Amino acid sequence: SSGINAEWPLRPGAAKAQEPWYNQRPGRIANDYEDEETGSHSKVYTGRTTVAMGVRERIETLAKPKLSRSTLSYGPSLSWGNQQTMWELTPGARSAQPSERIMLLSQPKKNMSTQEDLKPQWEYSCGRQSPIIQPTPGARVSGASDRISQLSQPKHPPGGYTENRPMFEFSCGRISPIMEPTKAAKSAAPETRDRTQQLAKPKKVHGAYEANREVQTVLSGAAKAARPTERLEQLAESKKRPAGPFREPEWPVASKAMKGQASERVRELSRSKGLVEGFQGNRDVQWNVGKSAKQAVATRRIEELSGPIQRESMDNVQFNPDVFKVSDAAMKAKPSSRIEELAQPIIRKS
């Protein structure tokens, strides 16, 4: 049975079960003779576990290539792109007569691109779903109605519409087109109009404007020949630091300072700030549970409320179309005044 340990010896004459291919691994497989000589501790299983394997044997086992499962057969060999069926058809399936519905479904879909009458229309109509249809001889001879004549008229521009000038089209469509100056404008004297002279002048720089300073400053001759004052020479000298000796970091406290007593004001200022009346410190994360809480017995109602809600499994609910249907009694029910009060939204100050 399955409860018998694999290490127990087999009965005399019993055949040893062959290990399945999906559980086999390359390695040394101990035989019955070795099991009798060395015992069960040196046995090497062919399955997923190795027990008491030596270092050399383990290295030899890992050095062997993994079993290739590509040559194993998991079913019938199939190749894509042919009409071969996965399984062999039975004689009954071969001799069966299909119904009218099966014959209708087996008809191939009509290929519209192979028809000669639609192919040129499809090509010259930019692939539109509504192809260009040639007019019939009757349509060419017949006269158009008043409505068709009205719809065939082109749209006229409004009365105040003016066409774009050539310079507007060749100036990248700017709002202010480039216009050629007239001969009178070319021959006009600019001195005749003061406003034109004023607009023709370039914009002046602000009076307080300063240009960018050069990176290298050129010193003037006066700055090079100047003599500093005594105060400047005094400030230019480096700070003198004595080499020592310095006072020790610890020094004795005077006896008067040790015997001195602080005044009432100093004592008042030295007091730490007290806590506010009624202040409670932070509660510990862990606290001891009282004996009464440990010995308390829950009522039947608490046990009923503490139990989980038993809901049906979705495997059964998904097949019930009326699972989320609201009952007629729930639709006709009227809420109490308290429920209506709780359903009101919170009014917040703007």
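**Exercise 1. Locate Val317 and decide whether Val317 is buried or exposed.**

*Solution.* Val317 is found in helix H17, which covers residues 314–317. The structure is a predicted model, and the values used below are computed from it. The next step is to consider the relative accessible area of Val317, which is 10%. The cut-off for a buried residue is under 20%. Val317 is therefore buried, given its value of 10%. The last step concerns its surroundings: once neighbours within four places in sequence are left aside, Val317 is in contact with Glu312 and Val323.

**Exercise 2. Describe the make-up of the protein: how many helices and strands are there, and what share of the residues counts as buried?**

*Solution.* Begin with the secondary structure. The protein has 19 helices and zero strands. Turn next to burial: the protein has 350 residues, and 3% of them count as buried. The accessible surface amounts to about 36700 Å², with 55% of that area belonging to carbon and sulfur atoms. Finally, consider contacts with a separation of 6 or more: residues 24 or more positions apart account for 29% of these.

**Exercise 3. Determine which parts of the model call for caution, using pLDDT.**

*Solution.* Take the average first. The mean pLDDT of the protein is 76, and 72% of the residues score at least 70. Then look for stretches with low values. Residues 1–10 stay under 50, and the model has five contacts for them beyond four places in sequence. In residues 26–49 the pLDDT is likewise below 50, and this stretch has 39 contacts in the model beyond near neighbours in sequence. The conclusion follows from a general rule: where pLDDT is low, the predicted coordinates should not be read in detail.

**Exercise 4. Examine helix H2: where does Thr61 lie, and which residue forms a salt bridge with Arg56?**

*Solution.* Helix H2 comprises residues 55–63, and Thr61 lies within it. Thr61 counts as buried because its relative accessibility is 13%. Its side chain reaches the backbone oxygen of Glu57 at 2.8 Å.

The second part concerns charged side chains. Side chains of opposite charge can pair when their charged atoms come close. Arg56 forms a salt bridge with Glu60, and the closest N and O atoms are 3.6 Å apart. These two residues are four residues apart in helix H2, so about one helical turn separates Arg56 and Glu60. Arg56 is exposed, with a relative accessible area of 66%, whereas Glu60 is partly exposed, at 43%.

**Exercise 5. State how many salt bridges a search of the whole structure finds, and analyse those of Glu268 and Glu341.**

*Solution.* The search of the whole structure finds four salt bridges. One of them joins Glu268 and Arg265, whose closest N and O atoms are 3.6 Å apart. Both residues lie in helix H14 (residues 264–270), where they are three residues apart, about one turn of the helix. Glu268 has a relative accessibility of 46% and therefore counts as partly exposed.

Another salt bridge joins Glu341 and Arg338, with 3.4 Å between the closest N and O atoms. The two residues are three residues apart in helix H19 (residues 337–343), which means that about one helical turn separates Glu341 and Arg338. With regard to accessibility, Glu341 is exposed, at 52%, and Arg338 is partly exposed, at 48%.

**Exercise 6. Identify the residues that make a nonpolar surface patch of about 370 Å², and place Met86 in the chain.**

*Solution.* The patch is made by Leu78, Met86 and Trp87, and its area is about 370 Å². As for its position, Met86 is found in the loop between H2 and helix H3, the latter spanning 91–95.

Technical notes: Residues numbered from 1 in each chain as written. Predicted model: local features only at pLDDT ≥ 70, side-chain atom pairs only at ≥ 80, totals over all residues. Heavy atoms only, no water. Buried < 20%, exposed > 50% of the residue type's maximum accessible area, 1.4 Å probe, protein only. Polar contact = N/O pair within 3.5 Å; in protein donor to acceptor, adjacent residues only side chain to side chain. Patch = residues over 30% accessible without salt bridge, like charges linked within 9 Å, V, L, I, M, F, W, Y side chains within 5 Å. Areas by Shrake-Rupley, 256 points an atom, 1.4 Å probe, with all protein chains shown as cover. Salt bridge = Lys/Arg side-chain N within 4 Å of Asp/Glu carboxyl O. Contact = heavy atoms within 4.5 Å. pLDDT = per-residue confidence, 0-100.
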